[in-house]
Amino acid sequence: MNEKMITKLEILAESAKYDISCSSSGASRGNKDKGIGSAHKSGICHTFTADGRCVSLLKIMLTNYCMFDCAYCINRQSNDIPRAGFTPLELADLTIEFYRRNYIEGLFISSGIVRSPDHTMERMIRVVTILRNEYGFNGYIHMKAIPGASNELINQAGLLVDRMSVNLEIPTEENLKILAPDKDHQSIYQPMRQIHQNMLENIEDRKKFRTAPKFVPAGQSTQVIIGATDESDKQILQLTAKLYKRPSMKRVYYSGFIPVNSYDKRLPVVQDVPRVRENRLYQADWLLRFYDFNVDEIVNDQYPDLDLSVDPKLAWAIRNPQFFPIDVNRDSYQKILRVPGIGVKSAKLIVMARRHRKLTFDALKRIGVVLKRAKFFVVCHEMRKFKLLDSSAEYIRLSLQDPPLLEDKQDNISQQLVMEW
Ligand code: SF4
């Protein structure tokens with residue numbers, strides 16, 4: 001690779017690193033026609049940089065020139081930063097070279113907006129067309145759709161890539177207008193809707209014609225920036241729940257605000273990226289997707305923001321003592337799933353194992369239940385029913401919070417609680 005290409009690569013990989021909506025899970029594109037690569041169901045190996053950003057794919061921008069001026073973005077037009085751009089052929093060649101050297105297993109491609117959303121989208125499509133049709137590349141490709149791009153281009157791109165994402169960035173339109181005056185929610189939701197619609201049609205088409213090409217088989221994702229604007233967790237999670245109502249939406253990513261343009265007075269002054277809040281939002285997101293929680297149970301008018309000191313499932317359990325104790329030998333799978341310390345896998349194992357024998361605490365431990373958490377909320381064969389009192393709820397919160405405030409008194413607390421039960 002020559003010096004010029006290395007410089008471009010450095011600039012454009014650096015510019016792409018703030019986009020985190022690039023998980024590769026769920027693709028099942030196999031190798032075909034003696035082509036190169038494949039994207040397995042288990043997904044492409046991920047790796048993360050020291051600051052937690054995903055770098056598993058060749059994560060790169062086609063260009064970091066941009067005619068928009070979004071306040072939160074390092075690549076905004078008004079920033080004086082090194083700029084570069086690949087030609088579509090250069091980027092396709094680079095991807096293949098890296099793949100052959102076993103550096104990468106797929107491509108995550110995004111771009112600054114040059115001339116118009118359609119022009120930019122066409123150039124990105126050209127990259128993946130070369131990869132798929134000329135080089136026979138069957139590896140995983142995730143493309144960022146450009147807000148405002150036409151439906152035709154979205155359709156074209158969707159038939160070539162595994163996943164597409166359109167980043168919402170700012171949860172409310174009002175705040176988006178302040179920080180990214182060139183964008184609006186309509187230009188973001190329209191391609192999202194188009195992807196969803198095409199996926200549904202594609203499913204029907206494939207029922208009739210098994211050989212019909214797949215349209216974004218790994219679905220779509222989006223990214224929301226956390227902490228750049230004043231939306232509450234309630235607003236963010238309500239938006240998330242709405243997005244997940246569309247089956248095509250596989251992941252919503254929460255990106256803690258990184259102050260790359262601290263000179264901009266529209267942005268908040270923050271010292272650190274809000275990592276804990278980001279983490280709690282991911283946990284809440286998990287509850288919505290896999291634990292049958294309703295968004296109002298996690299955040300509501302009374303609790304508009306997540307408790308940063310404990311995870312959302314524990315916070316919910318503490319707020320709802322009337323729901324407990326759960327009898328692991330009798331209660332339903334859905335109820336068991338709500339116990340802090342019991343995950344989806346453990347809940348399924350509990351339901352299976354109790355068909356054969358009464359479960360004890362030891363059995364729960366062997367199943368993989370985190371008893372340090374679950375012991376406050378369950379009853380099993382060797383324990384009588386108990387009542388979770390408000391006073392004990394506060395003890396539980398303090399002893400299980402991160403970091404635990406009462407670690408040294410843990411045994412005493414458990415002892416007290418057992419007695420209260
Ligand atoms: S359109 Fe994208 S690349 Fe351009 S300034 Fe906005 S966020 Fe950055």
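Start by selecting Glu-297, which is partly exposed, with 25% relative accessible area. You are looking at a predicted model, so treat each stop on this tour as a feature of that prediction.

**Stop 1: two salt bridges around helix H9**

With Glu-297 still highlighted, add Arg-338. Their side chains form a salt bridge, with N and O 2.8 Å apart. Glu-297 belongs to helix H9, while Arg-338 is in the loop between helix H11 (333-336) and helix H12 (344-353), so this pair ties together parts that are 41 residues apart in sequence. Is Arg-338 buried or exposed? Arg-338 counts as buried, at 10% relative accessibility.

Next, pick Lys-234 and Asp-301. These two make a salt bridge as well, and their closest N and O atoms are 2.5 Å apart. Because Lys-234 lies in helix H7 (residues 233-244) and Asp-301 in the loop between helix H9 (295-298) and helix H10 (312-319), the bridge ties together parts that are 67 residues apart in sequence. Asp-301 is exposed, at 64% relative accessibility.

**Stop 2: more salt bridges**

Move to Arg-330 and Asp-327. Here the closest N and O atoms of the salt bridge are 3.6 Å apart. Color the pair by accessibility and you will see a contrast: Arg-330 is exposed, with a relative accessible area of 64%, whereas Asp-327 is buried, with 10%.

Now select Asp-69, Arg-76, Asp-264 and Arg-266 together. Salt bridges link these four residues in a network. For the model as a whole, the count comes to 15 salt bridges.

**Stop 3: the ligand**

Keep Arg-76 selected and bring up the ligand. Which residues are around the ligand? They are Cys-66, Phe-68, Cys-70, Cys-73, Arg-76, Ile-113 and Lys-183. Sorted by class, this shell has five nonpolar residues, two charged ones and no polar ones. Arg-76 therefore appears both in this shell and in the salt-bridge network from the previous stop. If you display cavities, you will find the ligand in the largest cavity.

**Stop 4: two buried positions**

Select Ser-110, in strand E2 (residues 106-110). Ser-110 is buried, with a relative accessible area of 3%. Leaving aside residues up to four places away in sequence, Ser-110 touches Ile-60, Met-61, Leu-62, Met-124 and Lys-144.

Then go to Phe-257, in the loop between strand E6 (249-256) and helix H8 (275-290). Phe-257 is buried too, at 2% relative accessible area. Beyond residues up to four places away in sequence, its contacts include Tyr-72, Ile-225, Ile-226, Leu-267 and Pro-268. For a distance to draw, join the C-alpha atoms of Phe-257 and Arg-275: the two residues are 18 apart along the chain, and the atoms are separated by 9.1 Å.

**Stop 5: helices H4 and H12**

Select Asn-155 in helix H4 (residues 151-158). Asn-155 is partly exposed, with 26% relative accessible area. Outside residues up to four places away in sequence, Asn-155 touches Gln-194, Asn-198 and Phe-215. Draw a C-alpha to C-alpha line from Asn-155 to Met-199 and you get 9.7 Å, for residues 44 apart in sequence.

On helix H12, highlight the buried residues: Ser-346, Ala-347, Ile-350, Val-351 and Ala-353. An α-helix has 3.6 residues a turn, so residues three or four places apart point the same way. Among the elements covering the buried residues of H12 are H11 and helix H13 (361-367).

**Stop 6: backbone details**

Show the backbone at Phe-324 and Pro-325. A cis peptide bond joins them, with omega about 5 degrees. Pro-325 is in the loop between H10 and strand E7 (326-327).

Where is Asn-102? Look in the loop between helix H2 (88-100) and E2. Asn-102 has a positive phi of about 70 degrees although it is not a glycine, and Asn-102 counts as exposed, at 65% relative accessibility.

Finish with Val-216, in the loop between helix H6 (185-208) and strand E5 (220-226). Val-216 also has a positive phi in a residue other than glycine, near 25 degrees. Val-216 counts as buried, at 0% relative accessibility.

**Zooming out**

Show the whole protein again: there are 16 helices and eight strands. Of the 421 residues, 55% are buried.

Key:
Residues numbered from 1 in each chain as written. Predicted model: local features only at pLDDT ≥ 70, side-chain atom pairs only at ≥ 80, totals over all residues. Heavy atoms only, no water. Near = heavy atom within 4 Å. 1 Å grid on protein atoms, 1.4 Å probe; cavity = no way out; pocket = protein on both sides within 12 Å on 5 of 7 lines; lining within 4 Å. Sits in = over half its atoms within 2 Å of the grid points. Nonpolar A, V, L, I, M, F, W, Y, C, P; charged D, E, K, R; others polar. Helix = DSSP H or I, 4+ residues; strand = E, 2+ residues; numbered from the N terminus. Buried < 20%, exposed > 50% of the residue type's maximum accessible area, 1.4 Å probe, protein only. Contact = heavy atoms within 4.5 Å.
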